[in-house]
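Reader: I have this chain open at my bench and would love a close look at one part, the nonpolar core. Could you walk me through what builds it and how it sits in the chain as a whole?

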Amino acid sequence: MLIVFFIAAFIAVIATVLAITRTNAVHALLYLIVSLISVAIVFFVMGAHFIAALEIIVYAGAIMVLFIFVIMMLNIGSESEVKGAKWLTPGVWGGPAFLALILFIEMTYMITMNTSVPAEQAVVTPKQVGISLFTQYVLGVELAAVMLMAGIVGAYHVGRTKRKIKHRFLEGDKV
């Protein structure tokens with residue numbers, strides 16, 4: 001299991017560096033998703049199965065979909081259609097797909113090995129996580145929610161196009 005840990009950690013570092021260095025936001029998001037999935041595998045190897053599932057569901061799932069929607073909202077115009085055709089080339093998605101394939105092979109290997117949590121580690125239940133999030137860390141959870149909402153509203157205002165305002169008497173006339 002130690003080799004699986006090191007491979008997943010190496011992929012996490014490589015994918016994170018590639019996510020930071022990409023100039024295209026969609027390419028960076030693809031590598032960031034691979035990085036988050038590899039971090040989830042690291043958590044799984046360490047015996048934190050619930051945190052690994054949360055990592056995939058919350059970060060790689062929900063928040064990355066949110067980022068993709070914001071990017072789609074900002075790419076308004078005819079040039080975005082041309083860029084969309086370029087994003088479908090194998091050179092763009094080949095790197096993240098290869099890294100995700102390695103992670104998939106690791107995950108199937110770990111599931112088939114059927115390893116259990118070592119006896120000296122305590123198992124944290126979802127109920128304990130929920131209680132700590134909404135009692136001890138409720139301010140942090142609420143601040144994160146407000147920051148995400150502010151980011152979405154800000155991206156909408158940056159990406160929207162302003163309509164030409166016509167007077168109601170001139171709407172039927174061609175100007």
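Author: Happy to; what follows starts with the whole chain and then goes into the core. Please keep in mind that this is a predicted model.

The protein chain has seven helices and zero strands, so to speak an α-α-α-α-α-α-α run when you read from the N terminus. Of its 175 residues, 20% are buried. The chain exposes about 12600 Å², and carbon and sulfur atoms supply 72% of that area.

Now to the part you asked about. The largest nonpolar core has 15 residues. If you would like to find it on screen, pick out Ala8, Ile11, Val34, Ile41, Leu99, Leu103 and Met110, which have the most contacts inside this core. Three helices each give at least two residues to it: helix 1 (2-21), helix 2 (25-45) and helix 5 (90-113). Helix 2 provides the largest share, with six residues.

Ile11 is a good place to zoom in. Leaving out residues up to four places away in sequence, Ile11 touches Val34, Ser38, Leu99, Ile102 and Leu103.

Apart from this core there is another one, made of seven residues, and Ile33, Leu36, Ala60 and Ile71 are among them.

Finally, back to the chain as a whole: among contacts with a separation of 6 or more, 73% are between residues 24 or more positions apart. For a view of the core itself, I would keep Ile11 in the centre of the screen, with its contacts Val34 and Leu99 shown alongside.

How values were computed. Residues are numbered from 1 along each chain as its sequence is written. This is a predicted model: local features need pLDDT of at least 70, side-chain atom pairs count only at pLDDT 80 or more; totals for chains, interfaces and linings use all residues. Side-chain values use heavy atoms; hydrogens and water are left out. A nonpolar core is a set of buried Ala, Val, Leu, Ile, Met, Phe, Trp, Tyr and Cys residues joined through side-chain atoms within 4.5 Å. Buried means under 20% relative accessible area, exposed over 50%, partly exposed in between (1.4 Å probe, protein chains only). Helices (H or I, at least four residues) and strands (E, at least two) are DSSP runs, numbered from the N terminus. Contact means heavy atoms within 4.5 Å. Accessible areas come from the Shrake-Rupley method with a 1.4 Å probe; for residues, only the protein chains shown count as cover.
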